[in-house]
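Here's a quick walk through a protein model, written with the bench in mind. Have the structure open and follow along.

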Amino acid sequence: MLTNNKNVLKWVDEMVALCKPANVVWIDGSEEQLKALREEAVSTGEMEELNSEKLPGCLLHRTDPTDVARVEDRTFICSNTKENAGPTNNWKDPEEMWAILEPMYDGVMDGKTMYVIPYSMGPIGSKMSKVGVEVTDSIYVVLNMDIMTRMGKDAFVHLGDTSNDFVRGLHAKADLDPEKRYICHFPEKNSICSINSGYGGNVLLGKKCFALRIASYQGKNEGWMAEHMLILGIENPQGEVKYICAAFPSACGKTNLAMLIPPEIYAKQGYKVWTVGDDIAWLRQGDDGRLWAINPENGFFGVAPGTNLKSNPNALHTTEKDTIFTNVVHNLDNDTVWWEGLDKNPPKHALDWKGNPWDGTTSTEKGAHPNSRFTAPARNCPCISKEFNNPQGVPISAIVFGGRRAKTAPLVYQSFDWDHGVFVGSIMASETTAAAAGAVGVVRRDPMAMLPFCGYHMGDYFAHWLEMGKKLGDKAPKIFNVNWFRTDDEGHFIWPGFGDNMRVLMWILDRCEGKADAVETAIGYEPKPEDINLEGLNIDLDTLKDLLTVDPQLWKEDADGIEAFYAKFGDKLPAKLREELNSLKDRLSK
């Protein structure tokens with residue numbers, strides 16, 4: 001036992017009685033214990049050790065071929081009423097859902113070991129952190145949770161002996177039956193249940209399940225925010241750092257932005273970019289009235305394909321030691337890993353993500369799964385912020401929303417005020433790009449990039465954002481929208497993206513400090529073209545003007561789409577957002 005907390009002990013006893021494991025191991029987080037677990041996982045074939053010189057401490061894992069991604073259709077918010085879950089979540093009555101789950105968990109760990117994992121989301125000892133306890137029958141989960149969270153007995157010290165404020169997580173691999181796969185959240189009970197999956201996004205319960213779905217509900221009730229946002233700091237040549245939070249739907253370059261490498265023009269002057277987080281931010285009002293953020297995670301759970309020395313060198317360097325690779329290619333020639341987009345030299349003698357022989361020089365099949373992953377410790381990241389473990393978090397100057405729009409949204413604009421900024425976040429959208437996902441160019445709304453992750457009614461979520469703005473008053477961060485994905489008539493991206501996105505962030509920070517001018521448009525404040533630094537880019541002022549154009553006709557069509565989207569929320573949609581939509585329509589008609 002690592003704790004005397006009666007609430008924890010009672011719950012673990014109940015889980016043991018339900019799952020009936022052969023033995024129970026409490027995870028203290030010690031290197032000695034973790035080493036033994038790694039060795040056990042390698043001996044059973046659950047994991048494979050990689051080249052200890054080229055990839056020290058790294059392991060390879062393959063999931064079941066039916067179990068390779070988050071399953072949104074099997075993910076439920078089991079709140080007490082359907083209304084609390086809202087129209088954008090799958091809902092089931094908690095008692096009905098437990099009636100389905102309980103028989104599946106009954107004896108599910110017979111003959112197996114149950115691991116009891118205490119962990120902290122956020123730095124140990126921070127007022128902003130929260131504790132979870134996950135029980136699981138998977139060593140893969142234990143080793144990943146060690147990378148992704150502050151795992152071990154210190155989490156119980158943080159919780160204390162009497163608190164009941166911990167998130168209960170029950171995971172069992174069971175038979176990995178996709179038809180019986182469930183990822184269920186019980187917000188009012190502070191608990192999560194996952195069964196019949198072994199894939200990270202469904203089983204590392206500290207990640208999206210706790211840090212977004214459950215935490216967003218806690219944040220609404222406790223007056224803070226859990227957001228699907230990166231956190232980065234830009235340090236000027238004088239050594240001052242300003243912090244930005246940014247939310248993007250998937251496939252919009254979130255990790256690349258979080259680990260941005262300054263273009264030469266800024267690097268030469270001494271500017272630096274620091275990563276605080278690449279995926280999740282917890283935000284609270286500080287004693288000084290400003291909004292402060294921590295990254296609740298302790299590692300990166302990144303998509304491997306496409307990560308390379310050009311697209312994201314910092315991410316690639318982060319994976320060079322103590323990393324778990326899932327569903328990538330095993331290069332047998334040098335006992336390392338490979339994936340599509342890593343380099344132009346696919347291995348000849350290899351095993352694909354399913355473990356079958358694979359020759360990358362001749363095969364027409366992909367070697368790595370498109371959603372293959374690396375789980376890497378944040379401490380490995382060359383640009384990790386020295387404030388990463390600061391229990392106070394970092395003060396946020398700007399919040400940035402973004403999506404993938406070919407023509408509608410300009411390169412960057414600023415909201416008129418906080419309420420208008422909430423409107424801008426609520427209408428966030430991306431256009432589908434790959435035919436595999438259905439028709440191309442279809443607009444998918446993803447408010448604040450939280451559509452799959454909001455643990456309660458999205459109308460109430462918008463209201464909570466508006467409420468936070470009232471609380472922050474004139475100390476609230478400024479809110480912006482960016483679009484790196486404008487295309488020309490041939491469909492080519494006009495803006496270079498990657499490190500050059502810093503040029504836009506610099507204007508954003510200048511606006512926050514009252515150092516840059518802006519032009520008022522129907523949708524918000526835009527930069528004067530000459531205020532975005534183009535030095536060293538093969539883009540001229542006219543191209544930039546084009547990137548900043550606002551086509552009233554396209555926006556009128558978009559307003560109709562917003563209207564239809566808002567209709568989902570009925571009378572739960574805050575009146576303020578309806579007002580903002582009407583004001584936008586008025587400005588467009590003028």
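Two strands count as paired if DSSP finds at least two bridges between them. Keep in mind that this is a predicted model.

**Sheets**

With that in hand, take the open sheet of four strands, which has the order S20-S19-S21-S22 and antiparallel pairing. Its edge strands are S20 (336-338) and S22 (357-358), and each of these pairs on one side only. Further in, S19 (residues 329-331) and S21 (residues 350-351) run antiparallel and are joined by two bridges. If you want a spot to click on, His-330 stands opposite Leu-351 in S21.

Another open sheet is built from five strands in the order S2-S3-S18-S23-S17, and here the pairing is mixed. S2 and S17 (299-303) stand at the edges with a single partner strand each, so one side of each has no neighbour in the sheet. S2 pairs with S3 in the antiparallel sense over two bridges, and Glu-49 stands opposite Leu-59 in S3.

**The loop with Pro-56**

What sits between S2 (48-49) and S3 (59-61)? A loop, and Pro-56 is found in it. Pro-56 counts as partly exposed, at 31% relative accessibility. Leaving aside residues up to four places away in sequence, Pro-56 touches Asn-51, Glu-320, Lys-321 and Asp-322. Glu-320 is 264 residues from Pro-56 along the chain, yet their C-alpha atoms are separated by 7.3 Å.

**A pocket and a cavity**

Asp-322, one of the contacts of Pro-56, turns up again in the second largest pocket, where Asp-322 is among the lining residues nearest the centre, along with Glu-31, Leu-34, Arg-38 and Asp-146. H2 (31-44), H5 (139-148) and S7 (150-151) each supply at least two residues of that pocket's lining. H2 gives the most, with six residues.

The structure also holds three cavities of 30 Å³ or more. In the largest cavity, Arg-405, Ala-409, Ile-427, Ala-429 and Asn-481 are the lining residues nearest the centre. S28 (478-482) and H16 (552-567) each supply at least two residues of this lining.

Here are the two spaces in brief:

| Space | Volume | Lining residues | Lining by class |
|---|---|---|---|
| Second largest pocket | about 540 Å³ | 23 residues | nine nonpolar, five polar, nine charged |
| Largest cavity | about 130 Å³ | 16 residues | eight nonpolar, five polar, three charged |

**Cysteines**

How many disulfides does a search of the whole structure find? Zero. A disulfide is a covalent bond between the sulfur atoms of two cysteines, and the cut-off used here is a sulfur pair within 2.5 Å. Why does Cys-245 have no such bond? The closest cysteine sulfur, in Cys-512, is 12 Å from the sulfur of Cys-245, which is too far for a bond. Cys-245 is also buried, with a relative accessible area of 0%.

Cys-381 is in no disulfide either: the nearest cysteine sulfur, that of Cys-383, is 3.5 Å away. Against the 2.5 Å cut-off, that 3.5 Å separation does not make a disulfide. Cys-381 is buried too, with a relative accessible area of 4%.

Definitions and conventions
Residues numbered from 1 in each chain as written. Predicted model: local features only at pLDDT ≥ 70, side-chain atom pairs only at ≥ 80, totals over all residues. Heavy atoms only, no water. Buried < 20%, exposed > 50% of the residue type's maximum accessible area, 1.4 Å probe, protein only. 1 Å grid on protein atoms, 1.4 Å probe; cavity = no way out; pocket = protein on both sides within 12 Å on 5 of 7 lines; lining within 4 Å. Points joined across faces, edges and corners; volume = space filled by probe spheres on them. Nonpolar A, V, L, I, M, F, W, Y, C, P; charged D, E, K, R; others polar. Contact = heavy atoms within 4.5 Å.
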